[in-house]
Amino acid sequence: MKIAMIGTGYVGLVSGACFAEFGPDVTCVDGDAAKIKRLLNGEIPIYEPGLHDLVAKGIQSGRLSFTTDLAHAVSEADAVFIAVGTPSRRGDGHADLRYVEAAAIEVAKSLKGYTVVVTKSTVPVGTGRRVAELIRGANPTAEFDVASNPEFLREGSAVHDFLHPDRIVVGSSNKHAAQRVADLYQSLDAPVIICDPASAETIKYAANAFLATKLSFANAIAALCEHVGANIDDVMQGIGQDKRIGNQ
């Protein structure tokens, strides 16, 4: 199995290095030549525990490489992951998909043979369908399927989270494509949820929303505790023991 990881940001670099640890050959692609040069020299642009050693191990084994040549990496790949940034747009706060859409078009031009194109970035519901439309428009004869494989990584523990996930989510309208992506994680001991693309994309946003709700609730209770003279640590411990709530 050969993987092309488009984007060497937080998600792309961690995912690429971890996939290489599983055995596949992974080529991480970025248009920033200076960044690629630094990565090839073992210089990691972000601090993440365990990532430096993982990248060094991957390069030494020959299973992890870095390049600016998107066309070659995609043409050799069985699965192409799009892991570029989706920053919030100014004004309306919506996810800016210009980088995802540009990557999809560039990937389309270089596809050879059947390939699964996977969105790894955090994207709005319906993005997978949009990516498929862009690829089909740029390369009508391409043999491909699109899948969604959202990440659930926390900064500061991303490598650990990738290697010890609570679950793996894969969404695709094609069961063969979904299984191909799921098989990449077969060495991990985690439940795999295979669903349609919209459900996979919604799972990511729903999880983010629920975690934000927990944080906001905890802050509100902390303010209440300060007002009434209660101890927030004791309160959080007391409610966290309820399995319906959880202690995290």
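**Exercise 1. Classify Phe 162 as buried or exposed, and describe the aromatic pairs around Phe 19.**

*Solution.* Phe 162 has a relative accessibility of 5%, so this residue counts as buried. The term buried stands for under 20% relative accessible area, exposed for over 50%, and partly exposed for what lies in between, with a 1.4 Å probe and protein chains only. The structure is a predicted model, in which local features need pLDDT of at least 70 and side-chain atom pairs count only at pLDDT 80 or more, while totals for chains, interfaces and linings use all residues. Residues are numbered from 1 along each chain as its sequence is written, and side-chain values use heavy atoms, with hydrogens and water left out.

Step 1. Six aromatic pairs are found in a search of the whole structure. Rings of Phe, Tyr and Trp (its six-membered ring) pair if their centres lie within 6.5 Å; planes under 30 degrees apart are stacked, over 60 edge-to-face, and the rest tilted. One of the pairs joins Phe 19 and Phe 22, edge-to-face, at 6.1 Å centre to centre and 80 degrees between the planes.

Step 2. Phe 19 and Phe 22 are three residues apart in helix 1 (residues 10-22), which means that about one helical turn separates them. Helices (H or I, at least four residues) and strands (E, at least two) are DSSP runs, numbered from the N terminus. Phe 19 is buried at 0% relative accessibility, whereas Phe 22 is partly exposed at 22%.

Step 3. The ring centres of Phe 19 and Phe 162 are 5.2 Å apart and the planes stand at 90 degrees, so this pair is edge-to-face. Distant parts of the chain are linked by the pair, since Phe 19 lies in helix 1 and Phe 162 in helix 7 (residues 158-163), 143 residues apart.

Step 4. One aromatic cluster is formed by Phe 19, Phe 22, Phe 81, Phe 162 and Tyr 185.

**Exercise 2. Describe the surroundings of strand 5 (residues 115-119).**

*Solution.* Step 1. Five of the five residues of strand 5 are buried, so the strand is largely enclosed by the rest of the structure.

Step 2. Both faces are covered: Thr 115, Val 117 and Thr 119 are buried on one side, and Val 116 and Val 118 on the other.

Step 3. Strand 5 pairs with strand 4 (residues 79-82) in the parallel sense over four bridges; two strands pair if DSSP finds at least two bridges between them. Val 80 stands opposite Val 117 in strand 5.

**Exercise 3. Describe the largest pocket and its lining.**

*Solution.* Step 1. The volume of the largest pocket is about 810 Å³. On a 1 Å grid over the protein atoms alone, a pocket is an open set of points with protein on both sides within 12 Å along at least five of seven lines, and lining residues have an atom within 4 Å of a point. Grid points are joined across faces, edges and corners, and a volume is the space filled by probe spheres set on the points.

Step 2. Of the 28 lining residues, Phe 152, Arg 154, Asp 166, Arg 167 and Leu 211 are the closest to the pocket centre.

Step 3. Helix 9 (residues 197-228) gives the largest share of the pocket lining, six residues.

Step 4. Arg 167 lies over the face of Phe 152, at 3.7 Å from the ring centre. A charge sits over a ring if NZ of Lys or CZ of Arg is within 6 Å of the ring centre and within 35 degrees of the ring normal.

Methods
On a 1 Å grid over the protein atoms alone, a cavity is a set of points where a 1.4 Å probe fits but cannot get out, and a pocket is an open set with protein on both sides within 12 Å along at least five of seven lines; lining residues have an atom within 4 Å of a point.
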